[in-house]
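Please examine the sequence and the structure shown below. The paragraphs that follow lead through two places where parts of the protein meet.

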Amino acid sequence: MQIPDVKSEWDNEISTVKIGATEKEGGTRSANISVGGETTLPFLHFEGSTPHRPVLAMEVWDIPPDSWPPVAREQIEGVMEDPVEWAQKCEEEFEPDLVCLKLKGCDPFGQDKSPEEAAKLVEKVIEATSIPLIVWGCGDDDKDNEVFTLVSPAAAGENCLLGTITEDNYRTLAALSKADGHKIVAESPVDINMAKQVNTLALDIGFELENLVIFPNSPALGYGIEYVYSIMERTRLAGLKGDRLMAQPILANIGGEVWGTKEAKIPEEEKPEWGDHRKRGPMWEATTAFTYLQSGADIVVMRHPESIKATKLMIERLMEGRGE
Amino acid sequence: MILIGERINAGFDPVAQALKDRNAENIRDLARKQEEAGADYLDINMGAISKDPEDMVWLVKTVQEAVDIGISIDSQKPEIVEPALQVCENDSLINSTTAVEEKLDGLVPLAVDYDASIIGVTSGEGGAPQDVNGRLEHAATIFSRATGAGIPPGNLFLDPVAMPLKFMQEQASNLLKSIHQISNISDPPPHISLGISNISSDATERSLINRTFLVMAMAVGLDAAICDVTDPKLVESVATAEMILNNEIYSDSFVETYRMA
């Protein structure tokens with residue numbers, strides 16, 4: 001029996017986004033990383049090229065992560081009070097590709113930390129680490145604009161990935177990122193039309209699409225993952241077919257989603273039939289990551305070292321045979 | 001939708017004048033305006049003003065000084081097309097051959113040699129047939145000659161000939177049927193293109209007729225058009241049709257998005 005040729009030909013290539021700047025490039029990172037550049041769907045090496053493997057970022061917060069379940073928290077015991085040490089431990093012990101510093105403490109309805117404090121912290125984290133950095137706002141539009149007004153120049157030259165711009169709040173961060181040489185995360189709430197719209201708005205005010213990654217939100221396994229899976233896939237298909245407003249690398253930010261689910265959190269003592277939660281939680285996070293990687297994610301932001309390790313291994317195996 | 005801007009045509013007085021005076025800036029300006037409006041190719045037509053290959057070469061060079069988009073060399077004469085292809089650095093499109101043997105012999109090899117796309121107009125020895133079958137016959141002739149010579153279907157545009165509605169009103173529905181049938185000629189199909197403005201020749205409300213017809217033709221498989229891209233309503237209609245046909249993902253700024261992409 002003849003096996004049919006299932007290769008597709010695509011018109012377009014996903015844009016390549018470089019994050020982090022080495023000394024030569026005006027920063028202080030030991031290396032930079034690139035994502036994107038695909039000319040095929042994920043891991044279909046027989047069909048097109050995937051020049052850069054997907055990368056993993058590990059979350060670090062500017063406040064102790066009290067909302068994390070013990071299984072996730074115990075990994076960072078002793079450093080979670082100090083984000084600088086926490087970031088250092090991440091880089092040295094858990095070896096993610098990037099650190100994702102989340103400025104949760106700036107939330108005006110939480111600790112309401114000042115923009116100055118945030119900027120100082122970013123400087124310190126940059127000094128203490130050598131891998132590229134994602135800096136993520138607290139989610140309050142007005143406060144994030146104030147915070148990034150100081151954080152962005154504080155990290156100038158480091159080519160960070162800053163997040164996020166949304167349909168309602170994009171001008172400030174886009175302008176800052178452009179001025180200080182950063183990349184941005186364009187966020188849309190599980191809505192491909194909105195994803196395209198945010199990119200359109202960014203392009204319209206002069207932000208190059210080549211400096212942007214798409215974040216369509218990324219619920220955990222069991223909580224709507226199939227919906228976003230199809231959005232990511234459709235986004236990638238449109239990008240490969242030539243829609244340049246959809247041809248950006250995709251980010252999945254799964255830590256907060258996974259570690260909020262009962263499947264990841266509930267200890268074995270409460271639900272013996274679900275088995276060991278020390279394995280179950282990281283497995284939930286890794287499985288969520290695998291799923292998004294298969295639908296087009298280029299950057300996955302995660303929390304648990306074990307799930308990062310498993311996901312890295314999976315990526316390595318899926319990238320084997322590339323170009324052969 | 002592949003939009004081929006029709007404004008650089010020496011049939012228009014300002015273009016004829018610019019060609020005569022070698023006024024490059026006027027030509028470049030027309031090129032830029034059409035590129036901004038969303039053109040993928042710019043058609044360059046010397047009309048009845050000139051038969052001099054040097055004029056075509058000058059126009060091609062002038063246009064590519066201003067824009068990076070494709071150039072459609074509007075001539076059926078190999079002696080005009082080839083020198084233009086030699087200087088054309090942008091994507092090139094030969095507009096056009098017919099199903100007449102002599103034309104195919106002269107132009108298909110040029111498309112192959114210069115890696116150019118080519119438009120094949122469904123017209124033969126006896127002119128352009130008005131019925132569906134006649135159009136299909138010529139389309140099949142051109143398709144087999146072109147693909148047989150090594151032109152991939154994606155580089156071939158078949159044009160089933162738009163005729164003036166005002167004088168041949170029954171033609172428009174034949175044309176729509178022809179488009180639909182040509183779209184089944186191969187998988188992947190060739191592009192199907194039309195000179196849209198012909199449909200409204202000598203009529204009133206030309207812009208309205210053009211864009212309405214264009215949208216109807218898109219619904220049955222048209223994916224390229226030589227048209228006035230500087231008519232904003234026409235481009236807005238195309239953007240809307242692309243979105244309705246699910247060729248473009250909807251966003252709130254879908255018209256603007258279409259222009260930008």
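A salt bridge is a side-chain nitrogen of Lys or Arg within 4 Å of a carboxyl oxygen of Asp or Glu. In this predicted model, B:Glu248 and A:Lys196 form such a pair, with their closest N and O atoms 3.3 Å apart. Because the cut-off is 4 Å, this distance of 3.3 Å qualifies. The count of salt bridges between chain A and chain B is 1.

The setting of this pair is the interface between the two chains. Here, 14 residues of chain A are in contact with 11 residues of chain B. The size of an interface is often given as the accessible area lost when the parts come together. For chain A and chain B, the buried area is about 1,100 Å², and carbon and sulfur atoms account for 54% of it. On the side of chain A, the residues that lose the most area to chain B are A:Asn193, A:Lys196 and A:Gln197, which together make up 38% of what that side buries. A:Lys196 is thus named here as well as in the salt bridge with B:Glu248.

Polar contacts also join the chains: 8 residue pairs, both members at pLDDT 80 or more, are found across this interface. Which elements give two or more residues to the side of chain A that touches chain B? They are helix H6 (192-204) and helix H7 (225-241) of chain A. Helix H6 of chain A gives the most, with 7 residues. By character, the residues on this side of chain A divide into 5 nonpolar, 3 polar and 6 charged.

Attention now turns to an interface inside chain B. This chain is divided into domain 1 (2-227) and domain 2 (231-261), and the C-alpha centres of these two domains lie 22 Å apart. Each domain takes part in the contact, with 10 residues from domain 1 of chain B and 10 residues from domain 2 of chain B. Between them, about 930 Å² is buried, 76% of it on carbon and sulfur atoms. Of the area that domain 1 of chain B buries against domain 2, B:Leu3, B:Arg211 and B:Met218 supply 51%, more than any other three residues.

Between the two domains of chain B, the count of salt bridges is 0, and 1 residue pair is in polar contact, with both residues at pLDDT 80 or more. Helix H8 (residues 206-219) of chain B gives the most to the side of domain 1 that touches domain 2, with 7 residues. The residues on that side of domain 1 of chain B comprise 7 nonpolar, 2 polar and 1 charged.

Technical notes: Residues numbered from 1 in each chain as written. Chains lettered and ligands numbered in written order. Predicted model: local features only at pLDDT ≥ 70, side-chain atom pairs only at ≥ 80, totals over all residues. Heavy atoms only, no water. Contact = heavy atoms within 4.5 Å. Buried area = accessible area lost by both parts, 1.4 Å probe. Polar contact = N/O pair within 3.5 Å; in protein donor to acceptor, adjacent residues only side chain to side chain. Helix = DSSP H or I, 4+ residues; strand = E, 2+ residues; numbered from the N terminus. Nonpolar A, V, L, I, M, F, W, Y, C, P; charged D, E, K, R; others polar. Domains from an automatic or database assignment.
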